[in-house]
Amino acid sequence: MMILKLPQHKMIFLMDLQMMLLDMIYFILRSSVRTVLRPRTKPIDGELVLITGAGGGLGRLFAQEFAKHGAEVVLWDVDGGANEQTAKLVREMGVKVHTYTVDVTSREEVYRCAELVRRDAGRDVTMLVNNAGVVAGKRMLDCPDELMERTMKVNCHALFWTVKAFLPQMKAQNHGHIVTIASVLGLFSTACDYCASKFAAVGFHESLAHELLAEEVEGVKTTLVCPYIVNTGMFEGCKIRYMLLPPLEPQYCVEQAMNAILIDQPLVCIPRLTYLPVISRAYVLCHLGRQRHEGVTQVHLHSLRSAFSFRLLPWEANVVTYRFMGSDRCMYPFIDAMSSQASRQRPVQAA
Ligand SMILES: NC(=O)C1=CN([C@@H]2O[C@H](COP(=O)(O)OP(=O)(O)OC[C@H]3O[C@@H](n4cnc5c(N)ncnc54)[C@H](OP(=O)(O)O)[C@@H]3O)[C@@H](O)[C@H]2O)C=CC1
Ligand SMILES: CC1=C(/C=C/C(C)=C/C=C/C(C)=C/C=O)C(C)(C)CCC1
């Protein structure tokens, strides 16, 4: 038998590469098995769940779903009236509810209300659902700067403030779950101000997940939820050609998201078809070694995980699929509807 004599650093590299490939195969097989045989869901009765944007379409349904599973809920929304409506529905289910009118773009308000929650509930939030979101609904050059800024602040910056407010206690107890309601438009984009903010939300979420893994905080889970258009009114009029994929029913979307949360699934795209454009970008997650060679190498590869992405298809191939599906212009009817709504609301100038 021929024995390869390689320098030690090359041997380590090859062993690491082999381990990474084996790990990848294991996780791919595990995910495939999990899609067929659903793993057992975790119990969440007794958890304290905070939902932002709880007065809106999806936020309200999330509150009801968490309540159905026996969790105590904390509802945050900038619209106090809508938030109270959600609270009323949840209270009717016999569940304890706390409501706060909060603008999540203000970090002072977020930190102040986080303290109030701790005082009122008498314990720490164990599950955080970052759901509040906005869209300007304008073409890039027609969009006022303030609206662009608001989109980034609500859809992205607010995630920093809420996570900073609630993660320390979760880490201290090695128990918690952070859910980010992003969008498929955070994984692939179309013409709209919103996409950049959702890409940022995905980036924030993934970086948080990596930090928790690198620090080996195994008890704090993360789930990134990426839905396609949902019939809540937020994207009224937005559609693709031939209605090849109709908008989702909000209840279906929330049930799918809940299934993923309850089995600690790291990412869920709803519906499954939307994984396709994501795969075309081929996101590859890899583990770089596990300190198997301690003492041999000074480079500690323990827990060092990295992700890299590349496009499987050339840009032009994406463009033609977009044109075929009408995804490149899907926002235009929505933008037109928003503009005619705004012009109807605008007071008539005196001549
Ligand atoms: N609907 C869709 O097609 C899709 C939605 N999503 C995402 O799902 C999430 C929920 O969307 P959906 O329920 O449809 O939208 P809604 O507009 O129905 O709900 C969003 C809620 O967030 C609130 N909100 C907005 N700004 C703030 C703020 N600064 N502080 C606190 N609360 C705020 C809104 O209040 P107000 O009404 O006063 O603005 C509203 O009650 C969003 O993040 C959205 O981006 C993802 C994919 C598709
Ligand atoms: C590009 C593309 C698609 C279109 C996606 C669209 C148009 C998504 C819109 C999502 C919205 C509005 C989300 C809000 O958060 C398909 C049909 C899934 C599959 C083929 C490629």
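A polar contact here is a pair of N or O atoms within 3.5 Å. By that yardstick, a polar side-chain atom of Ser 183 makes one with ligand 2, sitting 2.6 Å from an oxygen atom of the ligand. Tyr 194 does likewise, with a polar side-chain atom 2.7 Å from an oxygen atom of ligand 2. The model is a predicted one, and the values below are computed from it.

Staying with ligand 2, the shell around it holds 18 residues, and Ser 183, Leu 185, Tyr 194, Met 325 and Ser 327 come closest. On its own this ligand would expose 540 Å², of which the protein buries 94%. The make-up of that shell is lopsided: 15 residues are nonpolar, 3 are polar and none is charged. Ser 183, whose side chain supplies one of the polar contacts, is thus joined in the closest set by residues such as Leu 185 and Met 325.

Ligand 1 has 29 residues around it, with Asp 77, Asn 131, Tyr 194, Val 230 and Thr 232 the nearest. Tyr 194 turns up again here, having already appeared among the closest residues to ligand 2. On the polar side, a nitrogen atom of ligand 1 is 2.8 Å from an N or O atom in the side chain of Asp 103. The backbone pitches in too: a backbone N or O atom of Val 104 lies 3.0 Å from a nitrogen atom of the ligand, and a polar backbone atom of Val 78 is 3.3 Å from a ligand nitrogen. Ligand 1 alone has 880 Å² of accessible area, and the protein covers 86% of it. Two elements each give two or more residues to this shell, namely helix 2 (57-68) and helix 6 (193-214). Sorted by type, the shell around ligand 1 comes to 16 nonpolar, 9 polar and 4 charged residues.

Away from the ligands, charged side chains are worth a look. Side chains of opposite charge can pair when their charged atoms come close. The structure holds 9 salt bridges. One of them joins Glu 72 and Arg 123, at 2.8 Å from N to O. This pair ties together distant parts of the chain, 51 residues apart: Glu 72 belongs to strand 2 (residues 72-77), while Arg 123 is in the loop between helix 4 (107-121) and strand 4 (127-130). Glu 72 counts as buried because its relative accessible area is 11%, under the 20% cut-off. Arg 123, at 29%, is partly exposed.

A more local pairing occurs within helix 4, where Glu 115 and Arg 118 are 3 residues apart, about one helical turn. Their closest N and O atoms are 2.6 Å apart in a salt bridge. Glu 115 is partly exposed at 48% relative accessible area, whereas Arg 118 is buried at 18%. These two residues also belong to a salt-bridge network that takes in Asp 124. Asp 328 and Arg 329 make another salt bridge, with 3.9 Å between the closest N and O atoms. Here Asp 328 is partly exposed at 24%, and Arg 329 is exposed at 54%.

The surface also carries a nonpolar patch of about 590 Å², built from Leu 6, Met 11, Phe 13, Leu 14, Met 15, Leu 17 and Leu 21. One of its members, Leu 17, lies in helix 1 (residues 8-36). Leu 17 has 34% relative accessibility and so counts as partly exposed, which clears the 30% needed for a place in a patch.

Definitions and conventions. Residues numbered from 1 in each chain as written. Chains lettered and ligands numbered in written order. Predicted model: local features only at pLDDT ≥ 70, side-chain atom pairs only at ≥ 80, totals over all residues. Heavy atoms only, no water. Near = heavy atom within 4 Å. Polar contact = N/O pair within 3.5 Å; in protein donor to acceptor, adjacent residues only side chain to side chain. Areas by Shrake-Rupley, 256 points an atom, 1.4 Å probe, with all protein chains shown as cover. Helix = DSSP H or I, 4+ residues; strand = E, 2+ residues; numbered from the N terminus. Nonpolar A, V, L, I, M, F, W, Y, C, P; charged D, E, K, R; others polar. Patch = residues over 30% accessible without salt bridge, like charges linked within 9 Å, V, L, I, M, F, W, Y side chains within 5 Å. Salt bridge = Lys/Arg side-chain N within 4 Å of Asp/Glu carboxyl O. Buried < 20%, exposed > 50% of the residue type's maximum accessible area, 1.4 Å probe, protein only.
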